[in-house]
Amino acid sequence: MTVPHDVAQEVAEASAAAMWAGDRASQSLGMEIVEVGPGRAVLRMTVREDMVNGHDIGHGGLTFTLADSAFAFACNSYDRQTVAAGAEVRFRAPTHLGDVLTATATERSREGRSGVYDVEVTSHGPGGDTVVATFVGHSREIGGSFT
């Protein structure tokens, strides 16, 4: 059974709003949801002073966290509570203080209770847009809904 696009979009937005309300981790890091849709999410975060490591670059764990949050909103966009079963990140370029990072998560596949999502993190800095990380997340539905 195929769900009409406008209904699927409403479900994705309602799921994201419900999830965001309790997501203190993403909120505390200054993330914002740019857009969400069925199997897709875009989140943004600015690299702050408290996110820079001893090499004077953005901490990779925080880049991973942004990607993981985008993944979470994408895989929970069907109003089925879903968690990460595993993830892999590849750092492609460093981030710097003041860079605006954007994580775009896209569903690659979803079958039964499992899914695979690709996330690309780009940095918008003085030199333009650069891909700073790629992330692959594997999801698993755990039962329950948000709405």
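In the predicted model, the side chains of Arg 90 and Glu 88 come together in a salt bridge, with an N to O distance of 3.0 Å. Arg 90 counts as exposed, at 53% relative accessibility, whereas Glu 88 is partly exposed, with a relative accessible area of 42%. In total, eight salt bridges were counted across the structure.

A further salt bridge is formed between Glu 141 and Arg 80, whose closest N and O atoms are 3.3 Å apart. This pair links distant parts of the chain, since Glu 141 belongs to strand β6 (residues 128-141) and Arg 80 to the loop between α3 and β3, the two being 61 residues apart. The partners differ in their burial class: Glu 141, at 13% relative accessibility, counts as buried, while Arg 80, at 37%, counts as partly exposed. The side chains of Glu 107 and Arg 110 also meet in a salt bridge, at 3.4 Å from N to O, and here both residues are partly exposed, with relative accessibilities of 26% for Glu 107 and 32% for Arg 110. Through salt bridges that share partners, Arg 80, Glu 107, Arg 110 and Glu 141 are joined into one network. Arg 110 has an aromatic contact as well, lying over the face of Tyr 78 at 3.5 Å from the ring centre.

Among aromatic residues, a search of the whole structure found four ring pairs, and ring pairs link Phe 64, Phe 71, Tyr 117 and Phe 135 into a cluster. One member of this cluster, Phe 71, is among the buried residues of α3, which also include Leu 62, Leu 66, Ala 70, Phe 73 and Cys 75. Helix α3 itself has 16 residues and reaches 22 Å from its first C-alpha to its last, close to the 22 Å expected at 1.5 Å a residue.

The loops on either side of α3 each contain an aspartate with a positive phi. Most residues other than glycine have a negative phi. Asp 56, in the loop between β2 (40-46) and α3 (60-75), has a phi near 65°, and Asp 79, in the loop between α3 and β3 (82-91), has a phi near 60°. Their surroundings can nevertheless be told apart by accessibility, for Asp 56 is exposed, with a relative accessible area of 58%, whereas Asp 79, at 16%, counts as buried because its value falls under 20%.

Terms used. Residues numbered from 1 in each chain as written. Predicted model: local features only at pLDDT ≥ 70, side-chain atom pairs only at ≥ 80, totals over all residues. Heavy atoms only, no water. Helix = DSSP H or I, 4+ residues; strand = E, 2+ residues; numbered from the N terminus. Buried < 20%, exposed > 50% of the residue type's maximum accessible area, 1.4 Å probe, protein only. Phe/Tyr/Trp six-rings, centres within 6.5 Å; stacked < 30°, edge-to-face > 60°. Lys NZ or Arg CZ within 6 Å of the ring centre and 35° of its normal. Expected span 1.5 Å × (residues − 1). Salt bridge = Lys/Arg side-chain N within 4 Å of Asp/Glu carboxyl O.
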